[in-house]
Amino acid sequence: MIIFIDILQVLLFESSKSKVREGNSVKFKVLLVSNAAYEFLWYHSGYLVTNSSTRYEISSLKTENGTLHTLFISTALQRDKGGFFSIC
C-alpha cells in the first residue's frame with residue numbers, strides 16, 4: 001500500500017507594517033505551495049474575514065512560485081486591533 005501525503009508549504013508570511021495607526025492601510029501576504037487543492041480563509045479574532053466589507057480586499061494569485069494570498073485593509077479601525085490569521 002502506498003500513502004501519498006500532500007504537504008502545504010508556507011514560503012512567505014509578511015505584513016506591510018508591524019504597527020498600524022488608525023486610518024492607515026495594511027497588507028498581509030502568504031505565499032503557499034501545494035500539489036493538493038485547498039481553500040484559504042482569512043480570520044480576525046476568530047471571525048471569518050470576507051470581501052463583503054468595503055475596507056477589506058482579499059485576493060489569490062497563482063505565480064510560478066506558488067499561490068500568493070493577500071488581505072488588504074484600506075482603512076484600519078480600532079476594531080481591527082488583534083490578530084489576523086489564515087486557515088487552509
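Here are a few questions and answers about the sheet and the core of this predicted model.

Reader: Which strands stand at the edges of the open sheet of three strands?
Author: Happy to start there! The strand order in this open sheet is 4-3-7, with antiparallel pairing. Each edge strand has a single partner strand, so one side of each is left without a neighbour in the sheet. That describes strand 4 (47-48) and strand 7 (84-87).

Reader: How many bridges join strand 3 to strand 7?
Author: Strand 3 covers residues 41-44, and the two strands run antiparallel. Among the pairs, Y43 has F85 as its bridge partner, and H44 has F84. The number of bridges joining strand 3 to strand 7 is four.

Reader: Which residue of strand 4 stands opposite H44?
Author: Let's look at the other pairing of strand 3. Strand 3 and strand 4 pair in the antiparallel sense over two bridges. They form a hairpin with two residues between them, and S45 in the turn has a positive phi of about 50°. Across from H44, in strand 4, you will find Y47.

Reader: Which strand gives the most to the largest nonpolar core?
Author: A good one to explore in the 3D view! This core has 11 residues, including V26, F28, W42 and F84. Strand 2 (26-33) and strand 6 (66-73) each supply at least two residues of the core. The strand that gives the most, with four residues, is strand 2.

Reader: Which residue of strand 7 does F28 touch?
Author: F28 belongs to the largest nonpolar core. Leaving aside residues up to four places away in sequence, F28 touches E14, S15, W42, H69, T70, L71, I73 and F84. Strand 7 spans 84-87, and the contact of F28 in that stretch is F84.

Notes
Residues numbered from 1 in each chain as written. Predicted model: local features only at pLDDT ≥ 70, side-chain atom pairs only at ≥ 80, totals over all residues. Heavy atoms only, no water. Pairing = 2+ DSSP bridges. Core = buried A, V, L, I, M, F, W, Y, C linked by side-chain atoms within 4.5 Å. Buried < 20%, exposed > 50% of the residue type's maximum accessible area, 1.4 Å probe, protein only. Contact = heavy atoms within 4.5 Å.
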